[in-house]
Amino acid sequence: MANSFAATEKMADALDKALVQKAVTGFFADNDLAAKFVGAKTVSIPDLALQGLADYSRSSGFVGGDVTVARTTYTLTQDRGRSFQIDAQDNDESGVSNLAGQIMGEFVRTQVVPEIDAYTLSKIAGVASGKSHTVSVGASSTVDADCYKMFQAAELGVREALGFGDEELVCFCNPTFWAALQKSTAFTRQITVSDFKKGGVDLKVQSINGIALLPVAAARMKSAYTFNDGTSGNQTAGGFTATSSAKGIGFILMPKKAASLVKKTEVPRMFTPKQNLNADAYKIDYRVYYDVFVKKNMKDTIYAYIEA
């Protein structure tokens, strides 16, 4: 197939851009600029440590301090892919690239994006839960009655952990919590619309106290998932499913820069019917490595509401 490599490279760029822009958590990819791949699935991310102030002496001057720049190595645990075939009779060679692009674009939108969101949010919620940075509904109350109170408690926890600095914050909300906020008069009196950058695109989102509010589908807001291997008896459909013990994540409130989504999308491989030994069809292979990492010095800055 003429220019197949150029076509698949162009497709890879488009799919990668779509992934970042369509995933609710896609903006975390903007935080990985300092990450360096040291292998196919291994990255190193810098951690900076500084010593605090010391007394200045008029006789001996400054006390020396240490600056430690260590690179922590992480392995991307999510190595995922799929192979698709387009029958040779469905399109001729001049149009197969366009058809392949449409198929893979839909695959990224409906399958890849939801999975990356689900994995990322469940892992971040796990950090908050592990630190006991969670808020809850009152014993004899409801989400509708307590939503704004829980939001304020989480905001206070995050801002205190940040030293009440001017970090940009975000709040991921599941549909139940989002609906409760919309009905809260305390919330609606203070809501504004603000700018939000994601993958080089400027968006308008609702916000409160400068915190961007990002509603997320319930299926992507669970505490634990099984990421299907595609070959086991009950996992051949691939994708992901919430585990039987998973709890709903009501919301996650955190600094925008606290997590890094590190991903590596391989250039899709496309084979012509003549190259495909298994069928008279064009064959497309798609593979992506990804993971999300919360920076060590930001793990105390994440709060969540995990439903009972």
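Helices and strands here are DSSP runs: a helix has at least four residues, a strand at least two, and both kinds are numbered from the N terminus. Counted in this way, the protein has five helices and 16 strands. The model is a predicted one.

## Overall picture

The protein has 308 residues, and 42% of them count as buried. Its C-alpha trace spans about 80 × 60 × 40 Å along the principal axes. Many contacts bridge long stretches of sequence: among contacts between residues at least 6 apart in sequence, 75% join residues at least 24 apart.

## Strand pairing

Strands of a sheet pair through backbone hydrogen bonds, and the pairing is either parallel or antiparallel.

One open sheet in this model is formed by three strands in the order S1-S2-S3, with antiparallel pairing. Strand S1 (36–37) and strand S3 (67–75) are its edge strands, and each pairs on one side only. Strand S2 covers residues 42–50 and is joined to S3 by nine bridges. Within that pairing, Thr42 has Thr75 in S3 as its bridge partner.

Strand S16 (residues 303–306) takes part in pairings of both senses. With strand S5 (residues 134–135), S16 pairs in the parallel sense over two bridges. With strand S12 (residues 249–255), S16 pairs in the antiparallel sense over four bridges. Tyr305 in S16 appears in both pairings: it is the bridge partner of Val135 and also of Phe251.

## Nonpolar cores

In soluble globular proteins, nonpolar side chains tend to be buried together. In this model, the largest nonpolar core has 48 residues. Ile124, Phe172, Ile252, Met254 and Tyr286 have the most contacts inside that core. Several elements each supply at least two residues of the core, among them helix H1 (4–22), strand S6 (169–173), strand S9 (211–215) and strand S13 (259–265). The largest share, 13 residues, comes from helix H2, which covers residues 93–130.

Ile124 shows what such a position looks like in detail. Leaving aside residues up to four places away in sequence, Ile124 touches Phe28, Ile252, Met254, Ala259, Val292, Val294 and Ile302. Apart from the largest core lies another one, of 24 residues, which includes Val143, Leu169, Ala186 and Phe251. Phe251 is thus a member of this other core as well as a bridge partner of Tyr305.

## Salt bridges

A search of the whole structure finds 15 salt bridges. Three of them are listed here.

| Pair | Closest N to O distance |
|---|---|
| Asp79 and Arg287 | 2.9 Å |
| Asp195 and Lys204 | 2.4 Å |
| Lys283 and Asp285 | 2.8 Å |

The salt bridge between Asp79 and Arg287 links distant parts of the chain, with Asp79 in strand S4 (residues 78–87) and Arg287 in strand S15 (residues 281–294), 208 residues apart. Asp79 counts as partly exposed because its relative accessibility is 30%. Arg287 has a relative accessible area of 37%, so Arg287 is partly exposed too. The cut-offs behind this reasoning are under 20% for buried and over 50% for exposed, with partly exposed in between.

The other two pairs sit in other surroundings. Asp195 and Lys204 are exposed, while Lys283 and Asp285 are both buried. Lys283 and Asp285 also belong to a network of salt bridges that includes Arg269.

## A buried lysine without a salt bridge

Lys198 lies in strand S7 (residues 192–198). Lys198 is buried but has no salt bridge. The nearest side chain of opposite charge is that of Asp117, 7.3 Å away. A salt bridge needs a nitrogen of Lys or Arg within 4 Å of a carboxyl oxygen of Asp or Glu, so Asp117 does not qualify as a partner.

What does the side chain of Lys198 reach at 2.9 Å? One such atom is the backbone oxygen of Gln21. The backbone oxygen of Ala23 also lies 2.9 Å from a polar atom of the Lys198 side chain. Both Gln21 and Ala23 are among the residues that Lys198 touches, not counting residues up to four places away in sequence. Others in that set are Val20, Lys22, Val24, Gly26, Phe27, Asp30 and Leu203.

Methods:
Residues numbered from 1 in each chain as written. Predicted model: local features only at pLDDT ≥ 70, side-chain atom pairs only at ≥ 80, totals over all residues. Heavy atoms only, no water. Pairing = 2+ DSSP bridges. Buried < 20%, exposed > 50% of the residue type's maximum accessible area, 1.4 Å probe, protein only. Lys, Arg positive; Asp, Glu negative; His and termini not counted. Polar contact = N/O pair within 3.5 Å; in protein donor to acceptor, adjacent residues only side chain to side chain. Contact = heavy atoms within 4.5 Å. Core = buried A, V, L, I, M, F, W, Y, C linked by side-chain atoms within 4.5 Å.
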